[in-house]
Amino acid sequence: CSIQRRHQKVMEEAPSPFLDGSMRRAMGEQALALAKAVDYHSAGTVEFIADVDGYFYFLEMNTRLQVEHPVTEMITGLDLVEWQLRVAAGEKLPLSQENVGIEGHAIEARIYAEDPSQDFRPSPGRISHLRMPENKNYIRVDTGVTVGDTVTAHYDPMIAKLIAWDRDRPSAVERLKCALGEIQIAGPMVNVPFLFAVTRNAEFVAGSVDTGFIDRERWQLTTEHAGNRARIAMIAAHAVIREWAAIARLRAARSEDPHSPWAKVTGWRLNQSRQCEVRVRHGEDTVTVEVNAAVSIRGEPPDIELNLDGTKIAATVIRDGVSLTVFHNGDTRRLQLIDELAEAEAHASDGSASVPIAPMPGVVVAIMVTAGTEVSRGKPLMVIEAMKVEHTVRASS
């Protein structure tokens, strides 16, 4: 469970690449000795922490199965939930410890509604689009959400678990990477692109992981390549153009004069190329994209297929108002369609000064300022606690 952020688990795997057989046996013996010492009869999880010298130390015991129990089930072929129920019913376990074997390697990725670029800040919201990989012998999806559900600010931000199994660790990593590339979630921000980046990280692929991994590799894991940003903006712009064209065709079909030039949707212009301009906001950047109205756009919405500069591109674009969520090659990016008229009207109607806004409702646990305090942009104002995390609200100007 070494891949952690803010002291909470993000990815788990079994067997651990850090442990050898003797260390694994020693941990198991200590866990059993502890359970026997307190006469414990149920499912439980004993946690240890290990150092670089191969010593391990007891942390705690949870009197339950933990979130990561699927990786154990995948490499042992056992249903631990069933075993827990059988023990609770007074039955004996069907196997002895000596009969429990390990086959292959399993890795679990926790799908969180959070924004890794904002220090993993939870992102509550309504799920407007959802696609998950199919459950197979080597891929397992544990989730309880569907389209239309809302991730609230009252609970942990985890919304699903993706577990991949294969004959060895490199193959399991590849399985997990491919499965992450199939996930599409629109609405709240999710950590899927971050997890996808982890599976491509050289240190992770080599198995060189510890609890400081994310802090060391954060810049690489959260930085988007400039070329990819341009491609994502281009994909979003083509999806918008396709939507505009569909609306134009619908209006033209309803026209009382089909021969009117206003009923033509070919994009023809006198002495001009058939270019359409789309402006989107990508993070803090505003991008203007020119799209040829005659370009061939295929695919059934929300899926889109393009040929850009000789490269075939397949993506999915979900539009919710001015919000555009683009899924492409395992990446998920959210952009905003810029409507100058709507923004001008909103600005004109809002005469209030810029005020700091908390990212979600929560419990105020600290206030750093008082009335009359002079603050500058970025100064901490207060701390709220929500979704198992403390959030610092800072001055916006």
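Helices α4 (169-180) and α5 (192-200) are roughly antiparallel to each other, a label that needs an angle over 145 degrees. This is a predicted model, where local features need pLDDT of at least 70, side-chain atom pairs count only at pLDDT 80 or more, and totals for chains, interfaces and linings use all residues. Numbering starts from 1 along each chain as its sequence is written, and side-chain values use heavy atoms, leaving out hydrogens and water.

Here is the helix pair at a glance.

| Item | α4 with α5 |
|---|---|
| Axes come within | 9 Å |
| Axes cross at roughly | 155 degrees |
| Crossing | left-handed |
| Residues of the contact | six nonpolar, one polar, two charged |

The axes are lines fitted to C-alpha atoms over the stretch in contact, with angles from 0 to 180 degrees between N-to-C directions. Contact just means heavy atoms within 4.5 Å. On the α4 side you get Val173, Leu176, Lys177 and Leu180, which meet Val192, Leu195, Phe196, Thr199 and Arg200 in α5.

Now the core. The largest nonpolar core has 41 residues, and Met11, Ile111, Leu180 and Phe204 touch the most other members. Such a core joins buried Ala, Val, Leu, Ile, Met, Phe, Trp, Tyr and Cys residues through side-chain atoms within 4.5 Å, buried being under 20% relative accessible area with a 1.4 Å probe, protein chains only. α5 gives the most to this core, six residues. Beyond its neighbours within four places in sequence, Met11 is in contact with residues including Leu176, Leu195, Thr199 and Phe204. A second, separate core of 23 residues includes Ile232 and Leu308.

Definitions and conventions: Buried means under 20% relative accessible area, exposed over 50%, partly exposed in between (1.4 Å probe, protein chains only). Helices (H or I, at least four residues) and strands (E, at least two) are DSSP runs, numbered from the N terminus. Angles under 35 degrees count as roughly parallel, over 145 as roughly antiparallel, 65 to 115 as roughly perpendicular and the rest as oblique. A crossing is left-handed if the near helix is turned anticlockwise from the far one by less than a right angle, and right-handed if clockwise. Ala, Val, Leu, Ile, Met, Phe, Trp, Tyr, Cys and Pro count as nonpolar, Asp, Glu, Lys and Arg as charged, and the others, Gly among them, as polar.
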